[in-house]
Amino acid sequence: MNPQSCVHIHKEWDIVGARQLGREMAKEIGFSTVDQARIATAISELARNIYLYADQGKISYEIIYNNSRTGLCLIAEDEGPGISDISQVMEDGFTTSGGLGAGLPGVKRLMDEFEAYSEIGKGTTIKTVKWLR
Amino acid sequence: MENFFKEKADEYKKLLAEYIEFQDEKALYGVELVSKAFIKHNILPEEIVNIHIKALKELYPDLFASFEHSLDFLLEAMISYGLAHQEIQNLREQQIALKSEISVAAQMQKTLLKTKKPDIAGLDIGVISVPANQMNGDYYSFLQNLDGTIGIAMADVIGKGVPAALCMSMIKYSLDSLPKESTPPPVILGNLNRVVERNTESNMFITMMYGEYNPETGKLVYSFAGHEPGYYYCADEDRFTEFSTAGLVLGVSEDVEYEQAEIEIAKNDMIVLMTDGVTECRDGDRFIEIDEVFDVIRQYLHLSAQDMVQEVYRYFERLQDFQLQDDFSLLILRKTV
């Protein structure tokens, strides 16, 4: 796939930029206000994870089509330490207990599709899609 | 769902219009019901804020832009609450599933650890073992030897709940593998000690009492491994006497020699064995005294041993407001001839 836009995450302020771009694209595609807010929050979580744990990375955005559906696909990539046990971080109560936020389970709830790949020492890639209803 | 949502959104709008005009309690009660219906259908807070924004826009098409923005801001603030709500909902469902799984395990444990109370003329046996939670960390067992003697085991894993219960199965199978012959209690405890020491984490300990009763002579040979003492009730003197032997709890060190002692009981005398769930019963902040256990037993002396232990349990259950602090096990053996 060929990402149409991309935001690099180096510092906390970049999270705001990432949210902004995502919200604008979501609005353009025709997502409702509630879904726009959800997509922005999902981007926030992904970007914060990069900022907090991987130091830097990027989020790519693409408008995708499947049959008659339109969706927004987000890909968050970093070259950070990686996640040793993805199942564990996908468990409710694991990341939130320390007040770190909604975590990856939150992203999964906010979006429609969710895939995570991670390799220790190499980094993490998370791909997630929200379809227009 | 789509229909439900639209129907409730319309109702919300109607109630909102009514309230804005009259500020009446009826509308507020109405929105309480709508809100409950939303919760029941897992409608998230941000969606309710959105319903509010839409309703307001329809009722007041000339709404101030700044006011409208403030509501969008509120919606944004609700997203994380919505996520937290979903998470808690999911954790609650997991808890229900877990509870039912544990209850299946507890049922299975009951079946696994079942022991048959020996039916021997001249001997009246009563026994009860009730876990504080679902799974029991106490265990008792009867072994009938070929020579007519009866092995009596009572054990208590230090700790309670699932780990204690899992550990207890080990004692059960070790006892099951013993030859059906009279074996000195210290030998049995020594064997079990090695099994426990080898097969458990170093922080898992078991207290245990093993005795062998001879129905013909009325003699009980026994050995204790850090377990709550037993009591011998002499009917003639109406007196309880403590009996025990010194010995380390099972699982601490590999080579432990256990001691042996014996008592002889006469007609109507009793042997009372228990776990610390009995002696550590609490009445408010006060631990009960062992004399209180004796007094309760005395009240029910006229009953069969089984009814006696049941009544004693009922007494302490009531005393603790039906919330056991620890697994509770009590065994009474009465010589009737």
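Is A:Cys73 buried or exposed, and what is its relative accessible area? In this predicted model, A:Cys73 is buried, and its relative accessible area comes to 1%. Let's look at the chain around it before returning to the cysteines.

Chain A is built from four helices and five strands. Reading from the N terminus, these elements follow the order β-α-α-β-β-α-α-β-β. The radius of gyration is 14 Å, close to the 14 Å given by the globule rule for 133 residues, so chain A is as compact as a globular protein of that length. Its C-alpha trace covers about 40 × 25 × 25 Å along the principal axes.

What about the interior and the surface? Of the 133 residues in chain A, 46% are buried. Among contacts with a separation of 6 or more, 61% join residues that are 24 or more positions apart. The exposed area of chain A is about 6800 Å², with 47% of it coming from carbon and sulfur atoms. As for charge, there are 14 positive and 18 negative side chains, and the centres of these two sets are 6 Å apart.

Now back to the cysteines. Zero disulfides turn up in a search of the whole structure. For A:Cys6, the nearest cysteine sulfur belongs to A:Cys73, 13 Å away, and A:Cys6 is in no disulfide. Seen from the other side, the sulfur of A:Cys73 is too far for a bond, because its closest cysteine sulfur, in A:Cys6, is 13 Å away, whereas a disulfide needs the two sulfur atoms within 2.5 Å. Here are their surroundings in brief:

| Residue | Relative accessible area | Class |
|---|---|---|
| A:Cys6 | 35% | partly exposed |
| A:Cys73 | 1% | buried |

Conventions:
Residues are numbered from 1 along each chain as its sequence is written. Chains are lettered from A and ligands numbered from 1 in the order in which they are written. This is a predicted model: local features need pLDDT of at least 70, side-chain atom pairs count only at pLDDT 80 or more; totals for chains, interfaces and linings use all residues. Side-chain values use heavy atoms; hydrogens and water are left out. Helices (H or I, at least four residues) and strands (E, at least two) are DSSP runs, numbered from the N terminus. The radius of gyration is taken over C-alpha atoms; the globule rule is 2.2 Å times the number of residues to the power 0.38. Buried means under 20% relative accessible area, exposed over 50%, partly exposed in between (1.4 Å probe, protein chains only). Contact means heavy atoms within 4.5 Å. Accessible areas come from the Shrake-Rupley method with a 1.4 Å probe; for residues, only the protein chains shown count as cover. Lys and Arg count as positive and Asp and Glu as negative; His and the chain ends are not counted. The place of a charge is taken as NZ of Lys, CZ of Arg, CG of Asp or CD of Glu.
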